[in-house]
Amino acid sequence: MPLFRQIPKRGFSNVKFTKRFAVVNLAEIDAKFQADAHVTPEALREAGLIRNQKQPVKILGGGSLTKKLKIDAACFSESAMEKIKAAGGDPRVLQTA
C-alpha cells in the first residue's frame, strides 16, 4: 500500500467557527402571539418556539403574518422582512456579540 494512504488524514475543520441560529418561521409567530405584541427572544422561549435562548434567533419567511407585531431578532430573511413590513410590523435587528 502506498505511504500516502497509510498515513492518517488531518485537515482544517470550520466547525468551531460556524454560527448556529435558533430558527423560527413567521407562521409559528403568527399562531402564538396576539396583535401589537412585542416579540423578543425571551418571549419566543416562553412560547416554546425556541429551546436555547443563548443562540441568536433568525426569523424565516415561512407562512404568512396577519398581525402587526414588533419583532426583535438577531437576523431576518429577506422574505420575512418584507412580510413583517407589509403587515405593518416593525422588524428590529439585535446586536449580537
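This report walks through the strands, the nonpolar core and a few individual residues of one predicted model.

Because the model is predicted, local features need pLDDT of at least 70 and side-chain atom pairs count only at pLDDT 80 or more, while totals for chains, interfaces and linings use all residues. Residues are numbered from 1 along each chain as its sequence is written, and side-chain values use heavy atoms, with hydrogens and water left out.

## The strands

Let us begin with how the strands line up. Helices (H or I, at least four residues) and strands (E, at least two) are DSSP runs, numbered from the N terminus. Two strands are said to pair if DSSP finds at least two bridges between them.

One open sheet has 3 strands in the order S1-S3-S5, with parallel pairing. Strand S1 and strand S5 (75-76) stand at its edges with a single partner strand each, so one side of each has no neighbour in the sheet. The table lists the strand pairs, each with an example of residues that face each other.

| Strand pair | Sense | Bridges | Example |
|---|---|---|---|
| S1 and S3 | parallel | 4 bridges | Val23 and Lys58 |
| S3 and S5 | parallel | 2 bridges | Lys58 and Cys75 |
| S2 and S4 | parallel | 2 bridges | His38 and Lys70 |
| S4 and S6 | parallel | 4 bridges | Lys70 and Asp90 |

Strand S2 covers residues 38-39 and strand S4 covers residues 70-73, while strand S6 spans residues 90-93.

In a regular strand the side chains alternate between the two faces of the sheet. S1 shows this pattern: Ala22 and Val24 point to one face and are buried, whereas Val23 and Asn25 point to the other and are not. Here buried means under 20% relative accessible area, exposed means over 50%, and partly exposed lies in between (1.4 Å probe, protein chains only).

## The nonpolar core

In soluble globular proteins, nonpolar side chains tend to be buried together. A nonpolar core is a set of buried Ala, Val, Leu, Ile, Met, Phe, Trp, Tyr and Cys residues joined through side-chain atoms within 4.5 Å. The largest such core in this model has 20 residues, and Val24, Ile29, Phe33, Leu44, Ile59, Leu69 and Ile71 touch the most other members. At least two residues of this core come from each of strand S1 (22-25), helix H2 (26-32), helix H3 (41-47), strand S3 (57-60), S4 and helix H4 (78-86).

What does Leu44 touch, not counting residues up to four places away in sequence? With contact meaning heavy atoms within 4.5 Å, the list is Val24, Ile29, Phe33, Val39, Leu49, Ile50 and Val57.

## Charged residues

A salt bridge is a side-chain nitrogen of Lys or Arg within 4 Å of a carboxyl oxygen of Asp or Glu. The structure holds 1 salt bridge. It joins the side chains of Arg92 and Asp72 (3.1 Å, N to O). Arg92 belongs to strand S6 and Asp72 to strand S4, so the pair ties together parts that are 20 residues apart in sequence. Arg92 is partly exposed, with a relative accessible area of 38%, whereas Asp72 is buried at 3%.

Asp30, in helix H2, is buried yet has no salt bridge. Its nearest side chain of opposite charge is Lys67, 4.1 Å away; for charge, Lys and Arg count as positive and Asp and Glu as negative, with His and the chain ends not counted. Leaving out residues up to four places away in sequence, Asp30 touches Ser64, Leu65, Thr66 and Lys67.

Lys70, in strand S4, is partly exposed, with a relative accessible area of 32%. Beyond residues up to four places away in sequence, Lys70 touches Ala37, His38, Val39, Asp90 and Arg92.

## A loop residue and an aromatic pair

Most residues other than glycine have a negative phi. Asp36 has a positive phi of about 65° although it is not a glycine. Asp36 is found in the loop between H2 and S2 and counts as exposed at 61% relative accessibility.

Rings of Phe, Tyr and Trp (its six-membered ring) pair if their centres lie within 6.5 Å; planes under 30 degrees apart count as stacked, over 60 as edge-to-face and the rest as tilted. By this rule there is 1 aromatic pair. Phe12 and Phe17 form it, stacked at 6.4 Å centre to centre with 15° between the planes. Both Phe12 and Phe17 are exposed.
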